[in-house]
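The following exercises are to be worked through with the sequence and the structure at hand. Each task is followed by a solution in steps.

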Amino acid sequence: VQLVESGGGLVQAGTSVRLSCVTSGSTFISRYVVGWFRQAPGKEREFVATISRSGGSTFYADSVKGRFTISRNNAKNTVALQMNSLKPEDTAVYYCAAKESVSTVVPGTADRSEYGYWGQGTQVTVSS
């Protein structure tokens, strides 16, 4: 499956950005658990959030809990990451990742090795 992220850019601290991840071609995103990860310069790629196939279960990194919301619209083949109250430390390239799953209610985990499909990433830069 090919994943394409969009929505990044340069924003000021305290503002919001909404990222989107869509599947290309005829692949239905409903078949996959989806996660968002990010990688800042000089740092390892880290987990941000994940959502179950049904969209009913989510899991967040502590650093973004209460500020970021992951959601999905399977009819539109889209998973979104709404990022509010952005901080300069949120600056990173954000990646959408997907893993096949039989369960529709269990989200993914923070272990990036579980995700077999990755997008190219979208840059989010938060200025202070």
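**Aromatic pairs and an open sheet**

In this predicted model, a search of the whole structure finds seven aromatic pairs.

**Exercise 1.** Classify the ring pair of F37 and Y115, and state which parts of the chain the pair ties together.

*Solution.* The ring centres of F37 and Y115 lie 5.2 Å apart, and the planes stand at 75°. Planes over 60 degrees apart count as edge-to-face, so the pair is edge-to-face. F37 belongs to strand β4 (residues 32–39), whereas Y115 belongs to the loop between β9 (92–100) and β10 (117–118); the pair therefore ties together parts that are 78 residues apart in sequence. Both residues, F37 and Y115, are buried.

**Exercise 2.** Treat the pair of F37 and W118 likewise, and determine whether each residue is buried or partly exposed.

*Solution.* Here the centres are 5.0 Å apart and the planes meet at 55°, so the pair is tilted. F37 lies in β4 and W118 in β10, so parts 81 residues apart in sequence are tied together. With 0% relative accessibility, F37 counts as buried; with 26%, W118 counts as partly exposed.

**Exercise 3.** Identify the cluster that ring pairs form, and describe where R45 lies.

*Solution.* The cluster links F37, F47, F59, Y95, Y115 and W118. R45 lies over the face of Y95, 3.6 Å from the ring centre. The charged end of R45 also sits over the ring of W118, at 5.0 Å from its centre.

**Exercise 4.** Find the edge strands of the open sheet formed by four strands.

*Solution.* The strand order is β1-β3-β8-β7, with antiparallel pairing. β1 (3–6) and β7 (68–73) each have a single partner strand, so they stand at the edges.

Conventions
Residues are numbered from 1 along each chain as its sequence is written. This is a predicted model: local features need pLDDT of at least 70, side-chain atom pairs count only at pLDDT 80 or more; totals for chains, interfaces and linings use all residues. Side-chain values use heavy atoms; hydrogens and water are left out. Two strands pair if DSSP finds at least two bridges between them. Helices (H or I, at least four residues) and strands (E, at least two) are DSSP runs, numbered from the N terminus. Rings of Phe, Tyr and Trp (its six-membered ring) pair if their centres lie within 6.5 Å; planes under 30 degrees apart count as stacked, over 60 as edge-to-face and the rest as tilted. Buried means under 20% relative accessible area, exposed over 50%, partly exposed in between (1.4 Å probe, protein chains only). A charge sits over a ring if NZ of Lys or CZ of Arg is within 6 Å of the ring centre and within 35 degrees of the ring normal.
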